[in-house]
Every structure is written in C-alpha cells, then in structure tokens.
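Welcome! Take a moment to turn the model around, and then let us walk through some of its features together.

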Amino acid sequence: MNARPELAAAPLAQICVTEHEFAMPGHGRAARTGVLLVHGLTGTPAEMRVLAKGLNKQGFSVYAVQLAGHCGSMEDLLHTRWSDWLASVEQGLLRLAGQVDQVVVGGLSMGALLSLAVAEKHADKVAGVCALSTTFRYDGWSMPIYTKLSFLLPLFRALGIGRNSVFMEQPPYGIKDEALRARVVEQMLGGDSAAAGLPGNPWWSVVELRRLSAHVLARLDRLRSPCLVIHAKEDDISAVGNAHDIVRRASHAHVELVLLDNSYHMITIDRERRTVIAKVNEFVARIANMSVPAVGAVAEPVNTAGVQAPAVAGGVHGQ
C-alpha cells in the first residue's frame, strides 16, 4: 500500500510549466489518481477549471495543461502543428504520472481528440479517457455552409492562401444558456486570449485539426483504456455522430456513452455541467476503485451566476 495517501501541494504545483496552467493537489486516497485535462483549439486551460474543481472536490489530483501556441497571439498558434499540441499533452502526462499512481486523461472538443491520441500512443500510462464534445468534424447544426468546404484548406495552405484568414465564432457559441453565453462572449471579444482564447479558428490551424482527426480515427482500434464519451444531442459545433464514431471504432476498449438533452457544445459549463461533472467523477472513481457520494437531481437548473467568465471562457472555439 502506498505510504503517501495525500499529495503535498508544492510538488504538484511545480509541474505547471506556464503561468496559465494550473494544478490542484488531491486529498485522501483519491489523491493518488490524477486527472490530466486538455482544452480545445484556440482555448485555454481556464475553460477546464469548472470541471477541475468538481473533480478535485472528490479528492482527485488535477492538472490542466496548456497546448503549444495557445494563450498568445494568432501568430503563435500558426507556428504550431498538431504534433506540437500532442507533445504538450504527452509531456503533461509524464509530469503528472510522476506525482500519482495512475492518470485519467480528459479533454473537451479538440482536447478530446488529443486525449484519445495520447491514450492510443501511451496505453501503459493512461488508465482511462474522458472524451467530451469530441470534434472529428465541424458538422453541428449551427456551422455555416462554407465549413463544408474545409476539405479544401490543405490545398489553400499548400498554395500559401489564407494564412491570416479565420473562421469567426458565431451564435450560439456552443452555449445553450443565454445568460452565460452573453458573459462568455463579452469575455471572448475582450481581447485577452489568455483568459478567453482567440475569437475564431485560423484556417491553417483547422488544417492541423483535420490531420489530428484523421490520425486519431485511424488508430481508434488501438485504444485499450476504458473511455467515457459525453456529447450533447443538440451539439451545435460537432454533431452527435462524432461520439458514435468512438463507440463504433474503439473496438478493443470499453466505451460508455452519455448523451445530454439540454446543452450545446460547451458541456462543461452549459446547463448540464453538474451532470458532466458527476459522470466524470463516477468514471474516475471506478478506475480508482473508489466510490463517490451519490448525486441527487442532476437535471436541476444551473445557476450560472456562480460561474466567473474567465473560468469558463475560451474553448467556445475549442473545436
């Protein structure tokens, strides 16, 4: 039996390598299970804070990693490739694994792709995967018609076309709750990319996401870690078929699918965020061979007044 039931705060905090990353030391036996959280394209670690707090409240150790090229300018992002983003998650996995006995990796939107990718590549180091609002394709109901032509972007890039072009965000910005949406959009358009991410997806970065998507889909049969997939039935960015792709293709892993009735893409902050937190906690607890307190009325209305914009913004674009 491990002689250290709790993690000291200082060592876990020291694994953060940027000012935007954050770590939450766990407590009790649950502290020996770590959860690595991964944000989406053009997002920030802050978009994972609500989920992180919910996990940490149950005692789990949590680390939110920052992807290469993010939390800065569009130029910073354009200098990175999908392999750089994956490397950020791999390095974060190694740092967290040195502090705990086992690691569950969970991500939102593109962060879900990266979580799957690192689990496919490092089956010995990933005890479980949480894929939230997985985005293999931009095929949600709110996506403009021109996104169906995104298959042309690699050609544009090869010809040097569109380096500074951006797919701008548009309503409903992945959020069904109108009051919360208004606050998040105000933050997103305020110009602080470290707090709220960039207000759109650069064309060339979308090319990288498409390459990452192809990489993950082609290797889903390599996934061995148990996988929790949560997706909104009305996801406005990535249709529910993205979730079913994991169920269908991850043939050698146990996959649990949870579909939500009252959220859009940003399920970690939208109306059913308590349900998401509860389901993720239950999943991580099973891996840790623990139990968590029963959750009562998970469908109760969410009081968005308690959510601070910097903690939830950024990742509206986390495609």
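Leaving aside its neighbours within four places in sequence, which residues is Val62 in contact with? They are Leu12, Phe22, Ala23, Met24, Val35, Leu37, Ala52, Leu55 and Asn56. Val62 sits in strand β3, which covers residues 61–65. With a relative accessibility of 0%, Val62 counts as buried. One of its partners deserves a second look: Ala23 is 39 residues from Val62 in sequence, yet the two C-alpha atoms are 5.5 Å apart in space.

**The chain as a whole**

Please keep in mind that this is a predicted model. The protein chain holds twelve helices and nine strands. Of its 319 residues, 58% are buried. Among contacts between residues at least 6 apart in sequence, 82% join residues at least 24 apart.

**Two pairs of helices**

Here are two helix pairs to find in the view.

| Helix pair | Angle between axes | Distance between axes |
|---|---|---|
| α4 (residues 82–97) and α5 (residues 110–121) | about 60 degrees | 10 Å |
| α2 (residues 49–57) and α11 (residues 273–287) | roughly 50 degrees | within 9 Å |

At their angle of about 60 degrees, α4 and α5 are therefore oblique to each other. The crossing of α4 over α5 is right-handed. On the α4 side the contact is made by Trp85, Leu86, Val89, Glu90 and Leu93, and on the α5 side by Met110, Leu114, Ala117, Val118 and Lys121.

The axes of α2 and α11 cross at roughly 50 degrees, and these helices are therefore oblique to each other too. Here as well, α2 passes α11 in a right-handed crossing. Val50, Leu51, Gly54 and Leu55 of α2 meet Arg273, Ile277, Val280, Asn281 and Val284 of α11. Leu55 has already appeared above, among the contacts of Val62.

**Helices with a buried face**

Next, look down the axis of a helix. A general point helps here: an α-helix has 3.6 residues a turn, so residues three or four places apart point the same way.

In α7, which spans residues 178–188, the buried residues are Leu180, Arg181, Val184, Val185 and Met188. They fall within an arc of 130 degrees when seen down the axis of α7, so they line one face of the helix. The N-terminal end of α7 is capped by Asp177, with a side-chain oxygen 3.3 Å from the backbone nitrogen of Ala179.

In α10, residues 241–249, Asn242, Ala243, Asp245 and Ile246 are buried. Their arc, seen down the axis of α10, is within 150 degrees, so they also line one face of their helix.

**A buried histidine**

His215 belongs to helix α9, residues 203–218. Is His215 buried or exposed? Its relative accessible area is 19%, so His215 counts as buried, the cut-off being under 20%. Apart from neighbours within four places in sequence, His215 is in contact with Trp82 and Glu120.

**Two residues with a positive phi**

Most residues other than glycine have a negative phi. Ser109 is not a glycine, yet its phi is positive, at about 60 degrees. Ser109 is in the loop between β4 (102–108) and α5, and it is buried at 0% relative accessibility.

Tyr173 is not a glycine either, and has a positive phi of about 60 degrees. Look for Tyr173 in the loop between β6 (166–168) and α7. Tyr173 is buried, with a relative accessible area of 15%.

How values were computed: Residues are numbered from 1 along each chain as its sequence is written. This is a predicted model: local features need pLDDT of at least 70, side-chain atom pairs count only at pLDDT 80 or more; totals for chains, interfaces and linings use all residues. Side-chain values use heavy atoms; hydrogens and water are left out. Buried means under 20% relative accessible area, exposed over 50%, partly exposed in between (1.4 Å probe, protein chains only). Helices (H or I, at least four residues) and strands (E, at least two) are DSSP runs, numbered from the N terminus. The arc is that of the directions from the helix axis to the C-beta atoms. A polar contact is a pair of N or O atoms within 3.5 Å; within protein, one must be able to donate a hydrogen and the other to accept it, and residues adjacent in sequence count only if both atoms are side-chain atoms. Contact means heavy atoms within 4.5 Å. Axes are lines fitted to C-alpha atoms, for helices over the stretch in contact, and angles run from 0 to 180 degrees between N-to-C directions. Angles under 35 degrees count as roughly parallel, over 145 as roughly antiparallel, 65 to 115 as roughly perpendicular and the rest as oblique. A crossing is left-handed if the near helix is turned anticlockwise from the far one by less than a right angle, and right-handed if clockwise.
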